[in-house]
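Colleague: Could you take a close look at one part of this model with me? I would like to follow how its side chains meet, and how far to trust what we see.

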Amino acid sequence: MRPHGAKTASQWITTRNCKPDFIATYDSVGNESDKQWITIDTNPSGPHFNRIYAMLVNSTSSCQFRVSYADALPDGTHTAWSMPQVLPEPAHTATGGTYQLPHVDPAGAIYTTVTNFDPSHSYCCSSIFMDKSPDGGQTFNTIGPTVS
């Protein structure tokens, strides 16, 4: 997040409580975050105006999809990031999922597509499904999947 008044990229390094502003910290050796994407609810009449959503894949063998959010404040700072939560997947999907890409609709619902493929079958037969949150990222439900 760009601090209020920052004019160069080197000024974009933000802190919270005198520490780097991380969404989640953990021993990441062999457990790196991947495919990080963000979106912001920019609808001034929406229930979660200026909420920032960050999505990523936790690159363990199970490739868990996660989401965290914070609210942007007028001074260029933001609230603390929510605890990253695991997004739901249909029970029959294989490990190896990726490609979430968050979007916010005009009513404030958050959607992301998720592609799940099976590395044990040469990445054949992907399942593509969608997760939706109608409540500002508090809960998510799965819509789909479709098989490609």
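What percentage of the 148 residues in the protein chain do buried residues make up? And with that in hand, could you walk me through strands β4 and β5 and what surrounds them?

Modeller: Happy to! Buried residues account for 36% of the 148 residues in the protein chain. Please keep in mind that this is a predicted model. The mean pLDDT of the protein chain is 78, and 69% of its residues reach 70 or more. Your choice of region is a good one to read: confidence is highest in β5, at a mean of 87, and lowest in strand β10 (residues 141–147), at 70. Where pLDDT is low, the predicted coordinates should not be read in detail.

First, the setting. The protein chain has 10 strands and 0 helices, so to speak a run of β elements from the N terminus on. Of the contacts between residues at least 6 apart in sequence, 40% join residues at least 24 apart. The accessible surface of the chain is about 8,700 Å², and carbon and sulfur atoms hold 58% of that.

Now to the two strands. A search of the whole structure turns up 1 salt bridge, and it is found here: the side chains of Arg 51 and Asp 71 meet at 2.7 Å, N to O. Arg 51 belongs to strand β4 (residues 51–58) and Asp 71 to strand β5 (residues 64–71), so this pair, with partners 20 residues apart, links distant parts of the chain. The partners differ in their surroundings: Arg 51 is buried, at a relative accessible area of 9%, while Asp 71 is partly exposed, at 22%. The cut-off for buried is under 20%, which is why Asp 71, at 22%, is called partly exposed.

The aromatic count also comes to 1 pair. Here the rings of Tyr 53 and Tyr 69 have centres 6.3 Å apart and planes at 55°, so the pair is tilted. Tyr 53 sits in β4 and Tyr 69 in β5, 16 residues apart, and this pair too links distant parts of the chain. Both tyrosines are buried.

Those two tyrosines are also members of the largest nonpolar core, which has 11 residues in all. Alongside Tyr 53 and Tyr 69, the core includes Met 55, Val 57, Phe 65, Val 67 and Phe 140. Strands β4, β5 and β8 (110–118) each supply at least two residues of this core. A second, separate core of 5 residues includes Ala 54, Ala 70, Ala 72 and Trp 81. As background, nonpolar side chains in soluble globular proteins tend to be buried together.

Phe 140 is a good place to pause in the larger set. Leaving out residues up to four places away in sequence, Phe 140 touches Met 55, Val 67, Gln 85, Leu 87, Pro 88, Ile 110, Asp 131, Lys 132 and Ser 133. Among these, Met 55, Val 67, Leu 87 and Ile 110 are listed with Phe 140 in the core.

Strand β3 (residues 33–40) brings in Trp 37. Trp 37 is partly exposed, with a relative accessible area of 45%. Its contacts beyond four places in sequence are Tyr 53, Ala 54, Met 55, Gln 100, Leu 101 and Pro 102. The C-alpha atoms of Trp 37 and Ala 54 are 5.8 Å apart, with their positions 17 residues apart in sequence.

The loop between β3 and β4 holds two residues worth your attention. One is His 48, buried at a relative accessible area of 18%. Setting aside neighbours within four places, His 48 contacts Asp 41, Tyr 53, Asp 135 and Gly 136. Tyr 53 therefore appears again, this time as a partner of a buried histidine. The other is Asn 50, in the same loop between β3 and β4. Asn 50 has a positive phi of about 70° although it is not a glycine, and it is partly exposed, at 26%. Most residues other than glycine have a negative phi.

On the far side of β5, Gly 76 lies in the loop between β5 and β6 (85–86). Gly 76 is buried, with a relative accessible area of 14%. The C-alpha atoms of Gly 76 and Ala 6 are separated by 9.2 Å, although the two residues are 70 apart along the chain.

Note on methods:
Residues are numbered from 1 along each chain as its sequence is written. This is a predicted model: local features need pLDDT of at least 70, side-chain atom pairs count only at pLDDT 80 or more; totals for chains, interfaces and linings use all residues. Side-chain values use heavy atoms; hydrogens and water are left out. A salt bridge is a side-chain nitrogen of Lys or Arg within 4 Å of a carboxyl oxygen of Asp or Glu. Helices (H or I, at least four residues) and strands (E, at least two) are DSSP runs, numbered from the N terminus. Buried means under 20% relative accessible area, exposed over 50%, partly exposed in between (1.4 Å probe, protein chains only). Rings of Phe, Tyr and Trp (its six-membered ring) pair if their centres lie within 6.5 Å; planes under 30 degrees apart count as stacked, over 60 as edge-to-face and the rest as tilted. Contact means heavy atoms within 4.5 Å. Accessible areas come from the Shrake-Rupley method with a 1.4 Å probe; for residues, only the protein chains shown count as cover. A nonpolar core is a set of buried Ala, Val, Leu, Ile, Met, Phe, Trp, Tyr and Cys residues joined through side-chain atoms within 4.5 Å. pLDDT is the predictor's confidence in each residue, from 0 to 100.
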